[in-house]
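Biologist: Could you take a close look at one part of this model for me, and then set it beside a few other places in the chain? I would like a connected account rather than a list.

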Amino acid sequence: ASPLPLDLVSGSGGSQSLGGPADSAGRVLVRRRVLLTDIHDGRKKVYFRPRADSIARITIASADSAGVEVVLEDSAHTGLPPHAVWSHGGSGWSMVHKFPYVSGGMWLSFHREHRDAVLSGCAAFDLLLQTAPLNDVSEMARCPRSGGSSLADLVRRALAGEQAQEMVAASTGSRFTEAIVVSVDAPSLVEVEVQFNFLLSNVDVWSEESAPPRPRFAPEVGAFGDAGAPLNAHVVLRLRLPAGRHILRASHEPTLPDGGLGASETSGCFPLGVVIRHTLWSMTAPAVLASPAFYTPVSSKSELVMVALSPMRKQLQPLLADSAASSATHTREAAVYRWDSDAISTAVRSRRGHGIGAGSGRLWALPCRLEGAPGDGGGDVWVSLGDQPSPPWAGGERPLSLAPRRPWPPPPAAARTSLSLPSGPAALPPHGGRGAPPPPWTGPSVRGSGVPAPGPTPAGLPGKTPATGLPSQTFTLTHLTSWAALLVLVLCVSRGTSASILERGLKSWFAHLLEPRVDGREMASVVEIAPREGTARGSYGSTRL
C-alpha cells in the first residue's frame with residue numbers, strides 16, 4: 001500500500017506514482033491501494049482543485065473500507081453533499097460530485113474513528129478517484145458508427161466462452177439489468193467479471209436464488225487493465241455453487257442519472273465487457289489463482305500477493321516467471337503466496353516474459369502458471385516499469401481494453417458444467433426473486449419418497465463429512481449435556497482466576513456453538529452457496545450477510 005499524497009495538483013505532492021498530478025484540464029485517475037496512518041489520529045486530507053463544469057467520482061473498496069469515512073470539503077472545510085452515492089455491500093462504496101462552478105481548491109478528508117484507544121488507527125483500502133471535464137464525458141459516451149451493442153448480446157457471447165467487449169447503446173434507457181442462468185451438474189467455481197469505465201458507469205453483479213431467497217453477496221470492485229483504456233474498472237463475483245440451477249444478475253446505471261452526463265437518458269453508449277469463467281470444484285481439479293495483479297499492472301517496487309483456491313490441502317505451487325514465491329501460508333482450502341519486490345525486480349531484469357506497448361507507460365509481462373498443471377491455463381502479471389501510469393481516456397476511438405491474460409484452469413474433458421441464458425421471460429422469476437415458484441428440480445429423487453434429493457454439497461460444507469477425511473462436526477444432545485455439567489462443576493468448585501478464564505472460554509464456546517447454522521462461506525473473495533438458507537462465514541473471521 002502507498003501512503004495518501006498531500007495533493008493531486010503538484011509534482012511534489014506525492015501523487016505521481018498514483019496517477020497524478022492532474023493535467024491542465026483537471027484530468028486525473030488514481031487506482032491504488034493506499035494506507036491511512038494514525039499519525040494524525042487516523043485522519044488525512046488530500047488537496048485537489050477541480051475545474052468548473054467537471055465531475056469527480058470517488059470509490060473506496062476492500063480491506064478496511066467499511067471503517068473509513070470520506071468527505072469532500074470546500075475551501076472553508078465545509079462538507080459537500082454528493083450528487084449520487086452507491087453501496088457496494090461489504091466491498092465498499094462510491095460517490096459522485098458534479099461541479100458546475102468552483103471557487104478555490106477542495107479537500108478530500110479521510111478519517112478512521114478510534115473505537116479502542118489501544119488499537120491502531122491505520123487503515124488500508126483501494127482508492128479509485130477520477131476527475132474530468134463534462135465535455136470529456138460527452139465524448140466518452142459517444143456511440144460508434146455501428147450504433148452500439150446490448151448487454152444481453154455481451155452475456156450471450158460470454159456464455160459461449162468469449163471475452164465480450166463492446167460499446168453498449170442506451171437506446172432503451174441507460175439503466176438495464178440482464179439475467180444469467182448457470183446450470184451445474186457438480187460442485188463448481190464460477191467467476192463473473194463485468195468491465196466498465198469508472199467515470200461513466202456503476203455496475204453490480206449478484207446471485208439471486210428464488211427458493212428460498214438467498215443473501216445478496218457483493219462483488220469485488222477494483223481497477224482493470226491499463227489506465228488509458230476505456231475499460232479501466234471492473235466488478236468480479238466468484239461463487240462456489242452446488243449442483244443445480246442458479247440465477248445471477250448484472251445491472252448497469254450511469255454515474256450521473258437523469259441525463260447528467262451531457263446526454264439524454266436514452267442516448268449515448270457505454271463501454272462494457274463481460275467474461276464468465278467456470279471450473280469444477282473437486283479434489284482432482286487444479287487450484288484457481290486469484291489476485292488483483294491478474295487484472296491491472298503492478299509496480300516493480302511493490303509486493304505481489306496471490307491466493308490459490310482448492311479443496312485439496314496439498315496444492316500445485318504457482319510460479320511467477322518460473323520462480324517460486326518468497327513465502328507461503330497454507331489454510332484448509334486456500335494458500336497465500338507472496339513475492340517481495342526484490343523477487344519481482346529480479347524476474348524483470350532476467351528478461352523473462354515480454355514487453356507491452358501501452359501508451360506512455362512501460363509494461364513488462366511476466367508469465368504465471370501452476371507448476372506441473374496440465375493444459376494451457378497460465379496467464380500474465382504485468383509489471384509497470386515507469387513512474388507514472390498512462391493518462392486516462394478522454395474519448396475517441398481506441399481498443400476498449402489492454403489487460404493481462406487471466407490464469408484459469410482449462411475445463412477437464414469430463415466436465416459437466418453448462419452456462420445458459422433463459423429461454424424466455426417465463427423462465428425467470430421477477431426481479432428480486434421473492435414470491436416466485438422455485439425452479440423445477442432436474443436431479444434424482446430420494447428412493448422410496450416423492451421428495452427431491454438435495455443437491456451435492458462441496459467438500460468442507462457444514463453438515464457433511466469433508467472429502468479431505470476430516471471428522472464430522474455434528475453436535476448431539478449428549479455433547480451439550482456433558483459440557484453443561486462441566487461448566488456447572490467449574491463454577492461451583494472455584495471462583496479463582498483460572499475458573500474465571502475457563503468460564504469465559506466456555507461461555508464463548510457455547511455462544512459460537514449455538515449460532516445459526518452457517519449456509520455460505522466467503523474466503524479469499526470466493527462466496528460459497530449451499531443448498532440451505534443461512535449466513536456467510538469468512539475463513540479469517542465471520543461476517544453475517
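Modeller: I begin with the strand pairing in this predicted model, where strand S1, covering residues 2–3, runs parallel to strand S2, covering residues 28–36, and is joined to S2 by two bridges. Within that pairing, Pro3 stands opposite Leu35 in S2. Strand S2 also pairs with strand S9, which spans residues 123–133, and here the two strands run antiparallel and are joined by nine bridges; in this pairing Arg31 has Leu128 of S9 opposite.

The next place to consider is Ala164, which lies in strand S10, residues 164–169. The relative accessible area of Ala164 is 0%, and because buried means under 20%, this residue is classed as buried. Leaving aside residues up to four places away in sequence, Ala164 is in contact with Leu154, Arg157 and Ala158, and also with Leu272, Gly273 and Val274. As for a separation along the chain, Leu151 is 13 residues from Ala164, and the C-alpha atoms of these two residues are 9.7 Å apart.

Finally, turning to the surface, Trp483, Leu486 and Leu489 together make a nonpolar patch of about 270 Å². One of these residues, Leu489, belongs to helix H4, which runs over residues 477–493.

Technical notes: Residues numbered from 1 in each chain as written. Predicted model: local features only at pLDDT ≥ 70, side-chain atom pairs only at ≥ 80, totals over all residues. Heavy atoms only, no water. Patch = residues over 30% accessible without salt bridge, like charges linked within 9 Å, V, L, I, M, F, W, Y side chains within 5 Å. Areas by Shrake-Rupley, 256 points an atom, 1.4 Å probe, with all protein chains shown as cover. Salt bridge = Lys/Arg side-chain N within 4 Å of Asp/Glu carboxyl O. Helix = DSSP H or I, 4+ residues; strand = E, 2+ residues; numbered from the N terminus. Pairing = 2+ DSSP bridges. Buried < 20%, exposed > 50% of the residue type's maximum accessible area, 1.4 Å probe, protein only. Contact = heavy atoms within 4.5 Å.
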